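Hello,

Here is the structure I promised to pass on. Please open it first, then read my notes below.

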Amino acid sequence: MGDSPVHDLFVIGGGINGCGIARDAAGRGYSVALAEMKDLGSGTSSASTKLIHGGLRYLEYYEFRLVREALMEREVLWRNAPHIIWPMRFILPLHKGLRPGWLIRLGLFLYDHIGGRKLLPPTRTLDLRSDPAGKALRANYRRAFEYSDCWVNDARLVVLNAMDAKEKGAEIRTRTKVVGARAEEGIWRLTLRDLENGAQGEVRARMVINAAGPWVDEVISGALGRNTAHNVRLVKGSHVVIPRKFDDPRAFFFQNADGRIFFAIPYEEEFTLIGTTDQDFEGDPADAEISKAEIDYLCAAASEYFAEQVSPADIVWSFAGVRPLFDDGASKAQEATRDYVLKTDSAAGAPVLHVFGGKITTFRRLAESALDEIAEVLGARGSPWTADAPLPGGGFAVTAFDDHVAELLRAYPFLEGRHARRLARLYGTLARDILEQAAGPGDLGRHFGADVFEAELRYLAAREWACTGEDVLWRRTKRGLRLTREEAKAVDAFMRDLGAVRTEETRAAAPRRRASRGGKRRAGAS
């Protein structure tokens with residue numbers, strides 16, 4: 001049958017960096033394939049604190065270039081995805097005995113002025129004795145600063161980048177692991193294993209992009225067959241979700257006595273997200289989970305600020321992820337750089353670009369830097385384009401989200417307001433691809449609980465690579481917070497049945513495709 005076509009790039013890893021690079025490269029005309037061994041964004045990229053931010057605390061470590069680049073990205077990403085990214089104000093109460101007010105104000109002055117801020121409002125000082133935010137806090141907190149950053153639905157940011165990459169010609173494979181790679185005459189031959197059915201196949205590429213996140217060193221020493229690698233420092237970050245602790249739409253930025261910081265953020269309308277921790281991690285990143293010590297730490301730290309104490313019994317959900325920070329030799333996990341490092345290596349006989357570190361805010365700039373490296377090896381194609389290109393569903397003005405929701409309600413008046421707003425937040429203008437010609441709830445198919453209907457699940461399976469209940473309920477929609485255990489099981493069974501049907505359809509069609517190709521070969525030989 002001959003060899004498969006040669007891709008320009010093969011990306012290992014379907015997190016935000018891998019999908020961002022695939023999107024940028026495909027948009028410039030490179031042929032791209034990507035493999036993710038689990039679900040898109042199922043590792044670090046869906047376990048963040050959900051912020052598009054400059055990283056105020058990084059100023060303490062003189063990371064001025066990183067902070068400036070991240071600050072400049074806030075409004076760029078907001079313009080490109082106003083459905084899943086939006087502004088949020090953060091309240092930083094002054095804590096006696098910790099960082100002095102003058103130092104924090106100096107940092108916020110830099111924060112306001114070094115990042116090209118245009119739309120986000122500047123810092124202001126609050127009197128917590130009169131400001132509504134003070135109602136949630138203990139009486140000894142009297143003064144605070146309020147500043148701007150943005151919120152992001154991190155898991156959806158990954159998926160939307162993958163969708164756009166696919167629309168521009170990239171091949172996206174999930175549940176697919178790279179189990180081997182060898183270079184022959186300057187071309188990579190990569191062996192892939194479908195983790196759903198065990199089938200193996202081979203693809204070829206001129207260059208490999210190792211964007212495996214916490215597994216980047218494992219790819220180097222395993223699939224690529226190099227010596228044991230140690231380039232990243234694995235740092236676990238954990239979060240807890242509790243019923244809403246305060247009514248204010250603003251978030252809190254808290255200092256802790258050990259020098260760390262953490263956030264308390266309005267989450268999914270009825271909840272508060274508290275995190276994150278910073279702990280060095282050893283072992284398989286897939287096994288990362290919050291520890292009792294981390295739960296106690298976050299609850300105690302939050303209780304230091306909130307008038308109403310936070311207890312482990314309040315927690316309705318928790319999650320943990322492992323950040324693959326570039327190992328710069330820092331003594332403490334919270335001091336390790338959040339900057340990214342790119343290294344091109346051709347020692348194996350064909351080029352590979354390794355991606356170390358990074359943060360979700362700077363993924364687009366990281367991708368542009370990666371494309372510069374790729375151009376050095378494969379030759380330049382196209383030019384930077386993602387700064388002004390909306391992600392799927394994001395084709396409306398940053399100030400027009402409420403208008404977008406109103407239009408959706410006019411087109412589908414049977415929708416409840418909260419349901420319409422949720423669909424607009426997750427899918428933007430693509431919400432209509434879910435609702436299609438529906439004239440009432442009955443046209444959306446089976447109702448699974450809360451506002452989860454069959455039409456949305458079928459869309460997620462067909463367009464967004466969702467295969468299980470976890471993919472849907474805990475990454476793409478967070479509806480797991482509102483469904484009962486039995487309802488969640490029903491969603492999982494439905495998604496798996498959809499996957500089984502697709503597999504059978506593929507198997508049934510495969511012989512016909514092989515026969516068709518064989519007929520063409522015979523005709524061409526006559």
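**Helix H8 and its neighbours**

The buried residues of H8 pack against two helices, H9 (417-427) and H10 (431-435). Keep in mind that this is a predicted model.

Which residues of H8 are buried? H8 runs over residues 401-411, and its buried residues are Phe401, His404, Val405 and Leu408. These four cover an arc of only 100° around the axis, so they lie on the same side of H8. Look next at the face turned away from that buried side. There you will find the exposed residues Asp402 and Arg410.

H9 is mostly covered. Eight of its 11 residues are buried. They are His419, Ala420, Arg422, Leu423, Ala424, Arg425, Leu426 and Tyr427. Just after H9 comes Gly428, with a positive phi of about 60°.

**The chain as a whole**

Now step back. The protein chain has 13 helices and 20 strands. Its radius of gyration is 24 Å, close to the 24 Å that the globule rule gives for 526 residues, so the chain is as compact as a globular protein of that length. The C-alpha trace spans about 90 × 60 × 45 Å along its principal axes.

How much of the chain is buried? Of the 526 residues, 58% count as buried. The accessible surface comes to about 22,500 Å². Carbon and sulfur atoms hold 50% of that surface.

Contacts reach far along the sequence. Take those with a separation of 6 or more: residues 24 or more positions apart account for 71% of them.

Charges come next. The chain carries 74 positive and 72 negative charges. The mean positions of the two sets are 1 Å apart.

**Phe494 in helix H13**

Phe494 sits in H13, which covers residues 485-525. Is Phe494 buried or exposed? Its relative accessible area is 12%, under the 20% limit, so Phe494 counts as buried.

What does Phe494 touch, leaving out residues up to four places away in sequence? The list is Arg446, Phe448, Glu454, Leu457 and Arg458. One of these, Phe448, is 46 residues from Phe494 along the chain. The C-alpha atoms of Phe494 and Phe448 are separated by 9.8 Å.

**Backbone details to check**

Three loops deserve a look.

- The peptide bond from Gly275 to Thr276 is cis, with omega near 15°. Thr276 lies in the loop between strands S14 (271-275) and S15 (279-280).
- Arg175 is not a glycine, yet its phi is positive, at about 50°. This residue is in the loop between strands S7 (171-173) and S8 (176-184). Arg175 has 10% relative accessibility, so it counts as buried.
- Glu185 also has a positive phi, near 55°, and is a residue other than glycine. Its loop runs between S8 and strand S9 (187-194). Is Glu185 buried or exposed? With a relative accessible area of 86%, Glu185 is exposed.

Arg175 and Glu185 make a useful pair to view together. Arg175 is in the loop before S8, and Glu185 is in the loop after S8. Arg175 is buried, whereas Glu185 is exposed.

Suggested viewing order: begin with H8 and the helices it packs against, go on to Phe494 in H13, and finish with the loops on either side of S8.

Best wishes

Conventions
Residues numbered from 1 in each chain as written. Predicted model: local features only at pLDDT ≥ 70, side-chain atom pairs only at ≥ 80, totals over all residues. Heavy atoms only, no water. Buried < 20%, exposed > 50% of the residue type's maximum accessible area, 1.4 Å probe, protein only. Arc of directions from axis to C-beta. Contact = heavy atoms within 4.5 Å. Rg over C-alpha atoms; globule rule 2.2 N^0.38 Å. Areas by Shrake-Rupley, 256 points an atom, 1.4 Å probe, with all protein chains shown as cover. Lys, Arg positive; Asp, Glu negative; His and termini not counted. Charge placed at Lys NZ, Arg CZ, Asp CG, Glu CD.
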